[in-house]
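Reader: I have this model open on my screen and would like a close look at one part of it, the salt bridges and whatever surrounds them. Could you walk me through that part in one go, and set it in the context of the rest of the chain?

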Amino acid sequence: MLQERSRTSGNCTTFNLSGEDIQSTMLRFGHVKAFRWAGRWATRSCPAIVARHYSAVPPKQIQTKPRFAVPTTQSPFSLWAQQRFLSTPLIHEIPIIELKELIESGPLVLIDVREPNEVALGQIPTAHHIPLGDVETAFALTESAFEAQYGFPKPALDHPNVVMYCRSGVRSESATKQLLEVGYKHVKNYRGSWLEWSQSNE
């Protein structure tokens, strides 16, 4: 039974459509036309359409396919981005005001990673010199070997203030990453480095 709303009066008209009617239409016009015929009734009917024997029409199996192929492998750019941004340890930076306070009161291990010819131009007070190229091998040494070679005790992994600096903060950032990778928890980078320090003390 189907109900159709009249376009003029708004009332619903009842049509008695049995399963035999639908089946006979299918036999007469074929499955495709039968579905079209049923669809025309549905589009013109009121919201409450009732077809008690509509199940006599076998449902059409619809197989959906994705419109766009989903890549199963990552692109070289996505792999590079993960290695560059997701695996990069968080770099903590220290401002010059805090560094000056640590120099006065401590505790502080300040390491200059510039080259020897740059160190000859001047150094931040209390700083120790380890060139950037030697940082990885230096902190792989034992405590006694480290102190014998560089002249100061090797800081512990949980030392609260290990600060790296260079000329402009780039090389010291690289050195900070290296110490983070070997397990130093509180290593910091002095971003202003020697350029800022020398200008502030002129």
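Author: Among contacts between residues at least 6 apart in sequence, 58% join residues at least 24 apart; a contact here means heavy atoms within 4.5 Å. The model is a predicted one, where local features need pLDDT of at least 70, side-chain atom pairs count only at pLDDT 80 or more, and totals for chains, interfaces and linings use all residues. Residues are numbered from 1 along each chain as its sequence is written, and side-chain values use heavy atoms, with hydrogens and water left out.

Confidence comes next. pLDDT is the predictor's confidence in each residue, from 0 to 100. Its mean over the protein chain is 77, and 56% of the residues reach 70 or more. Please read two stretches with care: pLDDT stays under 50 over residues 1-9, and again over residues 46-57.

The chain has 8 helices and 7 strands; helices (H or I, at least four residues) and strands (E, at least two) are DSSP runs, numbered from the N terminus. Of its 202 residues, 31% are buried. Buried means under 20% relative accessible area, exposed over 50%, and partly exposed in between, with a 1.4 Å probe and protein chains only.

Now to your salt bridges. The whole structure holds 5 of them, each being a side-chain nitrogen of Lys or Arg within 4 Å of a carboxyl oxygen of Asp or Glu. Side chains of opposite charge can pair when their charged atoms come close.

Take Glu93 and Arg191, whose closest N and O atoms are 3.0 Å apart. Glu93 sits in strand β3 (residues 92-93), while Arg191 belongs to the loop between β7 (187-189) and α8 (193-200), so this pair ties together parts that are 98 residues apart in sequence. Glu93 is partly exposed at 43% relative accessibility, and Arg191 is partly exposed as well, at 33%.

Another pair lies within helix α7 (residues 170-181), where Glu173 and Lys177 are 4 residues apart, or about one helical turn. Their salt bridge spans 3.9 Å from N to O. An α-helix has 3.6 residues a turn, so residues three or four places apart point the same way. Glu173 is partly exposed at 21% relative accessibility, and Lys177 is partly exposed at 24%. Through salt bridges that share partners, Glu93, Glu173, Lys177 and Arg191 join into one network.

Ile91 is a good place to look beside that network. This residue is in the loop between α2 (76-86) and β3, and is buried with a relative accessible area of 18%. Leaving aside neighbours within four places in sequence, Ile91 is in contact with Glu173, Thr176, Lys177, Leu180 and Asn189. The C-alpha atoms of Ile91 and Thr176 are 7.2 Å apart in space, although 85 residues separate the two in sequence.

A further salt bridge joins Arg114 and Asp112, with closest N and O atoms 2.8 Å apart. Here Arg114 and Asp112 are both buried. Glu118, in helix α4 (residues 116-119), is a buried residue too, at 18% relative accessible area. Not counting residues up to four places away in sequence, Glu118 touches Arg167 and Arg171.

Follow the chain on from Arg191 and you reach α8, where Ser193, Trp194 and Trp197 are buried. These three cover an arc of only 90° around the axis, which puts them on the same side of α8; the arc is that of the directions from the helix axis to the C-beta atoms. The buried residues of α8 pack against α3 (96-105), β6 (162-165) and α7.

That leads us to the nonpolar cores, each a set of buried Ala, Val, Leu, Ile, Met, Phe, Trp, Tyr and Cys residues joined through side-chain atoms within 4.5 Å. The largest has 18 residues, and those with the most contacts inside it include Ile111, Val162 and Leu179. β4 (109-112), α5 (135-138), α6 (143-150), β6 and α7 each supply at least two residues of this core. Beyond four places in sequence, Val162 touches residues including Val109, Ile111, Leu179 and Tyr184. A second, separate core of 13 residues includes Ile96, Val163, Tyr190 and Trp197.
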